[in-house]
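Biologist: Please take me through a close look at one part of this model, and then follow the chain outward from there to whatever else deserves attention at the bench. I would rather have one connected account than a list.

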Amino acid sequence: MADDIIAVKPEIAATARIDAAKRAAMVAAEAQDANAFWRGEMGRIAWMKEPTKIKAVDFTGDVSIKWFADGELNASVSCLDRHLAKRGDQVAIIWEGDDPNSDAKVTYRELHARVCKLANAMRRLGVKKGDRVCIYLPMIVEAAVAMLACARVGAIHSIVFGGFSPDSLASRIQDSECSLLITADEGRRGGRKVPLKANADEALLTCPSIRNVIVAKNTGGAVEMMKGRDHWWDAITEGEGTTCEPEKMNAEDPLFILYTSGSTGKPKGVLHTTGGYMVWASFTHENVFDYRDGEIYWCTADVGWVTGHTYIVYGPLANGATTLMFEGVPSWPDNSRFWQVCEKHKVNIFYTAPTAIRALMRDGEAPVKKWDRSTLRILGSVGEPINPEAWLWYYRVVGDERCPIVDTWWQTETGGILISPLPGAVAQKPGSATLPLPGVKPALVDNEGNILEGATEGNLVILDSWPGQMRTIYGDHARFGQTYFSTFKGMYFTGDGARRDADGYYWITGRVDDVINVAGHRMGTAEVESALVAHPAVAEAAVVGMPHDIKGQGIYAYVTLKAGVEPTEPLRKELVAWVRKEIGPIATPDAIQWAPGLPKTRSGKIMRRILRKIAANETEGLGDTSTLADPGVVQELIDNKVG
Ligand code: WTA
């Protein structure tokens, strides 16, 4: 089944923005003259000063990536001002609440006014170009307003997902020394409240850089307000004007920082700049989703992740789309919620994660079929590999075999989609992200960095730059080069492994580093380990991913307790709760195994390869364990495997 090919239907190719011939022409044009090709695409966003320089990239040495480097613009103008004449009264954002009875529509004109009011208030608080502003908000319209207001005044936003703990929030604020925090009293998810302001108060005990906090009133729940520091959103924006001079930004001035997990150390601040990112967001949103004027587009991600940045806010708004923002979860009030929203708002394009599809699949077709999905035209998938079974269910049941599926492979670092079918141009294979977009040059390399040809499997690298590529790690350019360009010299290393078939299609096999992907959320095993060892009972911990039916991967932790500490069930529960508190609920360990010892090399390095296999129940081919300091621990771990 995995080798099924679903050809592009002629009626789809006939009306799509890009058919196979056009795609081929784009690929050829870009290959022949990248500067000319991207000069041709840059007009999709609004410039205050048109760039004359296009691409200036060096993946070697100190690594320098610049696009449109002498251009000037403001991202909020591309998303708002320039649409006012033609589509001021068009709905920009449809907001659908966690409670199915609450929703709202915001036109481009209203959104522009709200952004300007907040931007004016921010300026009054002293926020200037280049300052860092942390956003810790639920999925409410204010999140998009806050992002665009930052862009308006030239401040760099750093969004922290509302599910992260006070500690996680604090370390992100500290790393980029944010001076303003924008949050809400509480968030709502699946009928429950999330105490955002209370979390923020706890985080701010260790964040001296924060001078002001703006608090949106969302649930009306009681919160403490610190005099002089905390301001209600409504009060602080009340007297402000509905226009605001946009800051003139260089194309290479930062637009945002987004923290993401790597294989080692603390999350790193992925930095994106303005011009190239905006061109890429617009280019990919329009072409991958074949977006057409007037369509309702819904990406179910949270703005706390990169998917929300590029495909809820910047891409759709740059393209003058109507973007749907959903506060809730797929399973509440019941498991038909997604499809109910599709019917209610007549959604044309729907973009979600495989984990949601797998969870909904368990409940069968009835919850899907009871709602009208006839407006759906394109379906998308993102965040993790989609197994062919889930792909086919999505295709048959949700899309009634009518809607192409775009399985979009990309990363926080890439700014936008790199590998994906174009719905009118590329035949789909369930489970494959298919082919690179025009201008993207993936390759597979062996562990020595030799480029592999033809049908093969290897480490996924990208050989040359694209406009939406991250530019640096905030505050640590050396780590940027080290992390992404030193494993394979002169190539961007994605951290993913992939297979390429005889048709040149890419099949992402998952991370090859110590990053795991839990329900589409990216996590460093090192972060979970350091949370565990911070507990007074724990001597040592090793965390690996394990296969999980719904989440793709679950978190499997091997824990060695300190001498004299008894391994008990209450302690196991306490450790699970501890990790949730330290990092956030998304890091909840699925299994904790008490490990009297961990398999280590004689030089003391933990052999994670072995731990991964034990967690996956693949104990047949454990490979060579002769280099272990104490080979006996392996059998002990196998015998006491959890689950
Ligand atoms: C994985 C999310 C297979 C991959 C946009 C990547 C995928 C990581 C896909 C980035 C896909 C994302 N097929 N794997 N379509 N999309 N991934 O930074 O391992 O949260 O490296 O960005 O998710 O996760 P991130």
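Modeller: I will start with Thr 300, which sits in the loop between strand 16 and helix 12, and I should say at once that this is a predicted model. The side chain of Thr 300 is joined to that of Thr 352 by a polar contact of 2.8 Å. Leaving aside residues up to four places away in sequence, Thr 300 touches Phe 338, Phe 350 and Tyr 351 as well as Thr 352.

Strand 16 (296-299), on one side of that loop, also borders another loop, the one that runs from helix 11 (275-288) and holds Asp 290. Most residues other than glycine have a negative phi, and most peptide bonds are trans. Asp 290 is not a glycine, yet its phi is positive, at about 50°. The peptide bond from Trp 332 to Pro 333 is cis, with omega near -5°, and Pro 333 lies in the loop between strand 17 (322-326) and helix 13 (337-345).

Helix 12 (306-318), on the other side of the loop that holds Thr 300, leads us to the ligand. Around the ligand there are 17 residues, of which Asp 407, Thr 408, Thr 412, Asp 496 and Arg 522 come nearest; by class, the shell divides into six nonpolar, six polar and five charged residues. A nitrogen atom of the ligand is 3.1 Å from a polar backbone atom of Gly 383, whereas the side chain of Gln 411 places an N or O atom 2.9 Å from an oxygen atom of the ligand. Arg 511 likewise has a polar side-chain atom 2.9 Å from a ligand oxygen. Of the 530 Å² of accessible area that the ligand has on its own, the protein covers 96%. The elements that give two or more residues to this shell are helix 12, strand 20 (405-408) and strand 26 (506-511).

One helix pair completes the account. Two packed helices are described by the angle between their axes and the distance between the axes. For helix 2 (residues 20-32) and helix 3 (residues 34-41), the axes come within 5 Å and cross at roughly 120°, and the two helices are therefore oblique to each other. Helix 2 brings Met 26, Ala 29, Glu 30 and Gln 32 to the contact, while helix 3 brings Ala 34, Phe 37, Trp 38 and Glu 41. Five of these contact residues are nonpolar, one is polar and two are charged.

Technical notes
Residues numbered from 1 in each chain as written. Predicted model: local features only at pLDDT ≥ 70, side-chain atom pairs only at ≥ 80, totals over all residues. Heavy atoms only, no water. Near = heavy atom within 4 Å. Polar contact = N/O pair within 3.5 Å; in protein donor to acceptor, adjacent residues only side chain to side chain. Areas by Shrake-Rupley, 256 points an atom, 1.4 Å probe, with all protein chains shown as cover. Helix = DSSP H or I, 4+ residues; strand = E, 2+ residues; numbered from the N terminus. Nonpolar A, V, L, I, M, F, W, Y, C, P; charged D, E, K, R; others polar. Axes fitted to C-alpha atoms, helices over the stretch in contact; angles between N-to-C directions. Parallel < 35°, antiparallel > 145°, perpendicular 65-115°, else oblique. Contact = heavy atoms within 4.5 Å.
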